[in-house]
Amino acid sequence: MSDRTVGSTEPTARTRERTLSVTTLAGEFHAPSLSDFFPPALLFEGTPFELDRLMLIRLIMSAVLIVVMMLAFRNPRLVPRGLQNVAETALVFVKEQISDEILGKETGRKFLPLIATIFFSVLFLNFSGIIPGLNISSNARVGFPLVLALIAYVAFNYVGIKKYGFFTYMRASVVVPNVPPALHVLLIPIEFVSTFILRPFTLTVRLMANMLAGHIMLVLFFSATWFFLFDAVSWMKVFSPFSLIAGLGFTLFELLVIFLQAYVFALLTAVYISLAQHADSH
């Protein structure tokens, strides 16, 4: 996303429209807003294939994920080394700590490709948020989190419908057994909303909101550092080390969030598949 300058011949009269980026946000303290997550088109403007900065970052990180996996497993060794060792360790983590742990070995093996794809997609797209020059996670905008949530939604409902049939699955999902009949009037709508509406909604919002909030915090810390150091009056410069340290500390915290969001999204997908498989034991 490029900067645009509108102004007169006097430099002091210029106003700058800047991107939400910890590396380009300088010269003035610019409070981030949601409009920064919807930058102007860079390619194919006005067409169905229009690409802005966030879409390009999404494509770049997807390509990086594909290349990393291809390089890791192009010549697999019995005793892994280097990149293969890292990739296998991550894949074993997803298999043992998510798929097998939640679904069991047999079912977990069947759904490992789906769960691993979700885990690594979220992980790599989140990671762009702390890479200099990219500085934003495309998961901070609702599109891709919504797509992943819909994939998980289709997957767990497919599992339940295939095992029980549509009507039996629906009844088992929303009817709580062993409760007084009068309570069904209250419980059935609650269970329906919880199972078929809130699950994809919470998957989407949890990922998007965490990455959006984390990015805004990083921008605030680092843009404040620049402001205190280069643009503020002299006595305010003493605050720049504190905002810089806070920014670096929050970057480390964001690394944890990046991993946790990938783990939680993949874990909940496995949990929902398991619940659909055992819908009759509500």
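Q: Before counting anything in this predicted model, what is counted as a helix or a strand?
A: Helices and strands are DSSP runs, of at least four residues for a helix (H or I) and at least two for a strand (E), and they are numbered from the N terminus. With that convention, the protein chain of this predicted model has seven helices and two strands, and along the sequence these elements follow the pattern β-β-α-α-α-α-α-α-α.

Q: Which figures describe the protein chain as a whole, in terms of burial, surface and contacts?
A: Of its 282 residues, 39% count as buried, while the accessible surface comes to about 15700 Å², with 71% of that surface belonging to carbon and sulfur atoms. As for contacts between residues at least 6 apart in sequence, 63% join residues at least 24 apart.

Q: How should I read the relation of helix 4 to helix 7, and at what angle do their axes cross?
A: The angle has to be set against a cut-off, since angles under 35 degrees count as roughly parallel. The axes of helix 4 (residues 143–164) and helix 7 (residues 240–277) come within 8 Å and cross at roughly 20°, and the two helices are therefore roughly parallel to each other. Their crossing is right-handed.

Q: Which residues of helix 4 and helix 7 meet?
A: On the side of helix 4 the residues are Pro145, Leu148, Ala149, Ala152, Ala155, Phe156, Val159, Gly160, Lys163 and Tyr164, and on the side of helix 7 they are Phe265, Thr269, Tyr272, Ile273, Ala276 and Gln277. By class, this contact has 12 nonpolar, three polar and one charged residues.

Q: Why are helix 1 and helix 3 described as oblique to each other?
A: Oblique is the class left for angles outside the ranges under 35, 65 to 115 and over 145 degrees. The axes of helix 1 (residues 53–73) and helix 3 (residues 105–127) come within 9 Å and cross at roughly 125°, so these two helices are oblique to each other, and the crossing is right-handed. Helix 1 contributes Arg58, Met61, Ser62, Val64, Leu65, Val68 and Met69 to the contact, and helix 3 contributes Phe120, Ser121, Phe124 and Leu125; these residues divide into eight nonpolar, two polar and one charged.

Q: Turning to single residues, is Leu207 buried or exposed?
A: Burial is judged by relative accessible area, with under 20% counting as buried. Leu207, which lies in helix 6, has a relative accessible area of 1% and is therefore buried. Leaving out residues up to four places away in sequence, Leu207 touches Val122, Asn126, Asn139, Pro145, Gln261 and Phe265. Of these partners, Pro145 is 62 residues from Leu207 in sequence, yet their C-alpha atoms are 6.5 Å apart in space.

Q: Where does Thr195 lie, and which residues are its contacts?
A: Thr195 is found in helix 6 (residues 184–231), and its relative accessible area of 6% means that Thr195 is buried. Neighbours within four places in sequence aside, Thr195 is in contact with Phe156 and Ser173.

Q: Which residues does Tyr169 touch, beyond those up to four places away in sequence?
A: Tyr169 lies in helix 5 (residues 166–174) and counts as buried at 1% relative accessibility. Tyr169 touches Phe156, Asn157, Gly160, Ile161, Tyr164, Phe196, Ala276 and Ala279, again not counting residues up to four places away. The C-alpha atoms of Tyr169 and Ala276 are separated by 8.0 Å, although these two residues are 107 residues apart along the chain. Ala276 is also one of the helix 7 residues that meet helix 4.

Technical notes. Residues numbered from 1 in each chain as written. Predicted model: local features only at pLDDT ≥ 70, side-chain atom pairs only at ≥ 80, totals over all residues. Heavy atoms only, no water. Axes fitted to C-alpha atoms, helices over the stretch in contact; angles between N-to-C directions. Left-handed = near helix turned anticlockwise from the far one by under 90°. Contact = heavy atoms within 4.5 Å. Nonpolar A, V, L, I, M, F, W, Y, C, P; charged D, E, K, R; others polar. Buried < 20%, exposed > 50% of the residue type's maximum accessible area, 1.4 Å probe, protein only. Areas by Shrake-Rupley, 256 points an atom, 1.4 Å probe, with all protein chains shown as cover.
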